[in-house]
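Morning, everyone. Let me put the model up, and then we'll go through symmetry, one interface and the aromatic pairs.

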4 protein chains.
Amino acid sequence: LDVADLQARLRRFAAERDWERFHAPKNLAMALAVEAAELAEIFQWMSEEESRGAHLDPPTHERIADEVADVLLYLLQIADKCAVDVEPAARRKLEKNAIKHPPARRTGA
Amino acid sequence: LDVADLQARLRRFAAERDWERFHAPKNLAMALAVEAAELAEIFQWMSEEESRGAHLDPPTHERIADEVADVLLYLLQIADKCAVDVEPAARRKLEKNAIKHPPARRTGA
Amino acid sequence: LDVADLQARLRRFAAERDWERFHAPKNLAMALAVEAAELAEIFQWMSEEESRGAHLDPPTHERIADEVADVLLYLLQIADKCAVDVEPAARRKLEKNAIKHPPARRTGA
Amino acid sequence: LDVADLQARLRRFAAERDWERFHAPKNLAMALAVEAAELAEIFQWMSEEESRGAHLDPPTHERIADEVADVLLYLLQIADKCAVDVEPAARRKLEKNAIKHPPARRTGA
């Protein structure tokens, strides 16, 4: 995933629409939470088992792909505004999680 | 961002903890929404202007980076389970957004 | 607010549609989070000042009222399923908050 | 539920802490979404069946009650700031829902 290129396109997209004034991290984080809820809404009334096969239905697959994309696009904009380098941040968090939840534990989630 | 490598690590991480049974898309989408809310919580009582500078404070920067990472890690897991290829999905969504909000419009967000 | 009457109506509403099987607290909590995001979405790109006056526009007032109602209706259903008595729960939480944030503190939120 | 009394207490609570300046509907809606996510988090890794019995465990019951209360307290504050009369709003929304989802339909949710 070419994060820098997508962030450059998102910056241009916002500039061309004069939307930078709306794009404070506070507003972007709120928009991200709204998109995350729209993604969750797809699976809301499904059983867990149904949700595992939901993407096999092409229109549902497209809906999921669009909401995943919306979440990602806001996430990349927040990272850009807040000087977060996403790849090292993700790898560092995975390591923190590995320490917090050692494999032996095997309970909870 | 090496999406395939991160997804492989996340798959291994879940397998080593016997967590696959928890990782239905429904549950992952709920967990993503919870992490998105934790990211929003950082900026909740700040003004928009304060949120623009929040990352200049190192502990706040680390909190933002960790929550951005949590959202990204759940997003990559959902994409993996739902056979969504994140980069083309993001680029296609950007194009849809460009058509929906042509640059000339210049109002709203 | 006649909580018991509304909860009885909601129970009947679900029974008449054979929706009880969907109404596990897990699903209702997810639905509540989705409605909360829809309420937040109304104010998302407004400044704080604009949000203070948003309800003066009648169509926006109706949208706010509808989303407030949706959140409340899911909340009452969760309380019903989880044997939570909302009024004492709310009063007890207010007291906990008063201890956690004594008036003298005057900072943060 | 004595909505007017709770709203008066919440107004006093905010005034005593000089928090009115934070309590724009935009911020309260964001805080409500965060509390809704905290409620959802309780049930996140449970199966639907487990979530139906979760409140039988006293510490979990208390956690649910506290999060239900937090959601309600923010909801009442939003209603207060936005001049929404919660009881009629809830009853009108129930009627709208009954028209949108007639009992005969019996599918979906």
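Start with chain B and chain C. A turn of 180 degrees, with a shift of 0.0 Å along the axis, lays chain B on chain C at an RMSD of 0.0 Å. So this is the relation of a two-fold axis. For the superposition, copies are fitted by least squares on the C-alpha atoms of residues with pLDDT of at least 70 in both.

Which residue of chain B comes closest to the rotation axis? Met30(B), with its C-alpha at 3.5 Å. The same surface serves both copies, and 100% of the contact residues of chain B recur in chain C. Contact here means heavy atoms within 4.5 Å.

A word on conventions. This is a predicted model; local features need pLDDT of at least 70, side-chain atom pairs count only at pLDDT 80 or more, and totals for chains, interfaces and linings use all residues. Residues are numbered from 1 along each chain as its sequence is written, chains are lettered from A and ligands numbered from 1 in the order in which they are written, and side-chain values use heavy atoms, with hydrogens and water left out.

Now the interface of chain B and chain C. Eight residues of chain B are in contact with eight of chain C. The buried area is about 680 Å²; that is the accessible area, with a 1.4 Å probe, that the two parts lose on being put together, summed over both. Carbon and sulfur atoms give 61% of that area.

How many salt bridges are there between chain B and chain C? Zero, where the rule asks for a side-chain nitrogen of Lys or Arg within 4 Å of a carboxyl oxygen of Asp or Glu. On the side of chain B that touches chain C, the residues divide into four nonpolar, two polar and two charged. In that scheme, Ala, Val, Leu, Ile, Met, Phe, Trp, Tyr, Cys and Pro are nonpolar, Asp, Glu, Lys and Arg are charged, and the others, Gly among them, are polar.

Next, chain D and chain C. A rotation of 180 degrees with 0.0 Å of shift along its axis superposes chain D on chain C, RMSD 0.0 Å. In chain D, the C-alpha nearest the axis belongs to Leu1(D), 2.4 Å away from it. Here too the same surface serves both copies: 100% of the contact residues of chain D recur in chain C.

Last, the aromatics. Over all chains the count is 12 aromatic pairs. Rings of Phe, Tyr and Trp (its six-membered ring) pair if their centres lie within 6.5 Å; planes under 30 degrees apart are stacked, over 60 edge-to-face, the rest tilted. Phe22(A) and Trp45(C) form an edge-to-face pair, 6.4 Å centre to centre, with 65 degrees between the planes.
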